[in-house]
Amino acid sequence: MRVLKKLDLLIIRAFIGPFIATFFITLFVLVLQFFWLYIDDIVGKGVDMGTVARLILYVSATLVPLALPLAVLLSSIMTFGNLGETFELIAIKSAGIPLLRFMRPLLVISIGICYIAFLFNNYIIPVANLKMNTLKYDIIVSKPAFDIKEGVFYDKIEGYVIKIGKKEKDDSTIRNVVIYEQNSSGQQDNIIIADSGKMLVTPDKHSLVFVLQNGWTYQEGRGERMSTTTEFIRMGFREYRKVLDLSSFKLNRTDDSAFRSNYQMLTMKELGKDIDSLKKLLSVYQDRSAQSFTIGLHFPKYMDTTGWDTVEKAPKITSKFLLAQAKPYKDTTKPKPPPASATTKTTKDHKAAAPPPAPPIRFADYLPDSTRTTVLERSINTISSIKSNLDQPFYLYDAQQNDLRVHRIAWHEKLTLSVACLVMFLIGAPLGSIIRKGGIGLPLVFAVIFFVIFFLLNNFGKKFVKEDVLSPFAGMWMATYVLTPIGLFLVYKALHDSQLFNKEYYFRLIRAVRKLINRGRDPQKTNMKVTRVPVNP
């Protein structure tokens, strides 16, 4: 009993180190992928380091459920691969301890990781998604950082267009300054032109101050535009101070309630309530559509009083029935005798051929000619009005159906990403005992292959559910019920010391196949006996 406890501690200690290392490496790679996608929306916005650190924290929290399965897979392969490479695995088996016994402590740890992942998905991920999406929205919609370049018209400050001819090395002394002040009344813009000056930003970064020297201001005063009565004011100055507001460049904080109702910010309990509400709303849409459909049609109210039920139960007269009842055409006129030069080959061509059958009777054929056009036009108008009345409910119903599907996807995803940790362990542990290679080389290759398979199956299933190709259960659990049999197969192979990934086994197999092929090509050599003839000296 004491030896088994030491064995459990040995395996757990061998697992914890690679698990922590691979978890943070995987999380770092996934965070880099996020910033690779949104780098253009973040860079150049003047975001401070504190805001960037908060964004990294929120993004890391949202990516933990995806990093845990890969960390469990890679660390389990490395753990059992190291034990097999140092022959500790063989020593444990020679002591009579089966594979499942020394897999048991890591199996318990994997189940614990699954439970932690579920709690993380259900309680922490909704809050992290809410904070991350709110902060990401504020950064994306904010204006680029204040940066006026030489010789370029800068129009990011609302109401002004600024052009600076040259900036000195101190980045505050400017020359050949032109400032256009846009007039909201629609009159001529006010213009400020100066030879030189200073450009300073206040310490609170709320205002931009121009201290201009040796210039002119041009203003259009009262009067009608494009007329001789319009006032035009020109004023020279030696020093002029102009203050511009920079509050629009500040990162505005959006309230979290703006994104609170999104399905990504809800727990399983809240998702269940929303799913029930959406189902009730869909049933209301169906009832309204059926009601609007029956209002546009007038004949259903006469169905019980005119014997329409008996007509519906009667056999239908279809085109196939009419064609079956059609009689062959008989020509009563006597055919003319063929000419004398005709041969016997043309006798078959002179047989009476039946004309094509008459087209099936339509509903319009039962209508009198005087009312046929009127009835058809009214029918078309009625159908068109019903279709137009059903278009808007259809779009609303389709939108609610899509909303219901994404809510179900979010509900199942909280479970599938948690169970994925156990599935990855069932693949990684026997795979490491089979390949018997530690380190980061070969285990990383197998881990990436199986994780890519899991990632693709998970994304394909999610896409199929969104497009209503598969049910939420079948689509979201696709990766689980595809990879679980593979894991059980690897466990079976590891229990029987399989040579599934042994290169020498495949070399021997290829040699045996080549020998069989050569024997099949030249069967005479296989049956031929070689006799040795002694040679006399």
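Which residue forms a salt bridge with D468? In this predicted model, the partner of D468 is R405, and the closest N and O atoms of the two side chains are 3.6 Å apart. The pair links distant parts of the chain, with D468 in the loop between α9 and α10 (472-476) and R405 in helix α8 (residues 369-435), 63 residues apart. The two partners lie in unlike surroundings: D468 is exposed, with a relative accessible area of 53%, while R405 has a relative accessibility of 12% and therefore counts as buried, the cut-off being under 20%.

The structure holds five salt bridges, and two others are described here. E413 and K462 meet through their side chains at 2.9 Å, N to O. Because E413 belongs to helix α8 and K462 to helix α9, this contact ties together parts of the chain that are 49 residues apart in sequence. K462 has a relative accessibility of 19%, so K462 counts as buried. A further salt bridge joins K242 to E181, with 3.4 Å between the closest N and O atoms. K242 lies in strand β5 and E181 in strand β2, so the pair ties together parts that are 61 residues apart in sequence. K242 counts as buried, at 12% relative accessibility, whereas E181 is partly exposed, with a relative accessible area of 25%. Side chains of opposite charge can pair when their charged atoms come close.

The strands that carry K242 and E181 lead to the description of the sheet. Five strands form an open sheet in the order β1-β2-β3-β4-β5, and the pairing is antiparallel. The edge strands, β1 (160-167) and β5 (232-245), each pair on one side only. From one strand to the next, the twist averages 25 degrees. Strands of a sheet pair through backbone hydrogen bonds, either parallel or antiparallel.

Strand β1 runs antiparallel to β2 (residues 173-181), and seven bridges join them. Across this pair of strands, K163 has V178 of β2 as its bridge partner, and K167 stands opposite I174, also in β2. The hairpin of β1 and β2 has five residues between the strands, and within this hairpin D171 takes a positive phi near 65 degrees.

On to the next pairing, β2 and β3 (residues 190-201) run antiparallel and are joined by eight bridges. Here the bridge partner of Y180 is I191 in β3, and R175 stands opposite S196 in β3. Strand β3 is in turn joined to β4 (residues 207-220) by ten bridges, again in antiparallel fashion. I191 has Y218 as its bridge partner in β4. I191 thus has a bridge partner in each direction across the sheet, being paired with Y180 and with Y218 of β4.

The remaining features concern the helical part of the chain. A nonpolar surface patch of about 740 Å² is made by I440, L444, V448, V452, F455, L456, F460, F464 and V469. One of these residues, F464, is found in helix α9 (residues 442-466). F464 has a relative accessible area of 32% and is partly exposed; patches are made of residues with over 30% relative accessible area, so F464 passes that cut-off. Helix α9 also contains K462, the partner of E413 of helix α8.

Helix α11 (residues 478-495) has 18 residues, which at 1.5 Å a residue should span 26 Å. The end C-alpha atoms of α11 are 27 Å apart, in agreement with that expectation. Buried residues in α11 are M478, A479, T480, L483, G487, L490, V491 and A494. Just after α11, D497 takes a positive phi of about 50 degrees.

Terms used:
Residues numbered from 1 in each chain as written. Predicted model: local features only at pLDDT ≥ 70, side-chain atom pairs only at ≥ 80, totals over all residues. Heavy atoms only, no water. Pairing = 2+ DSSP bridges. Helix = DSSP H or I, 4+ residues; strand = E, 2+ residues; numbered from the N terminus. Axes fitted to C-alpha atoms, helices over the stretch in contact; angles between N-to-C directions. Patch = residues over 30% accessible without salt bridge, like charges linked within 9 Å, V, L, I, M, F, W, Y side chains within 5 Å. Areas by Shrake-Rupley, 256 points an atom, 1.4 Å probe, with all protein chains shown as cover. Salt bridge = Lys/Arg side-chain N within 4 Å of Asp/Glu carboxyl O. Buried < 20%, exposed > 50% of the residue type's maximum accessible area, 1.4 Å probe, protein only. Expected span 1.5 Å × (residues − 1).
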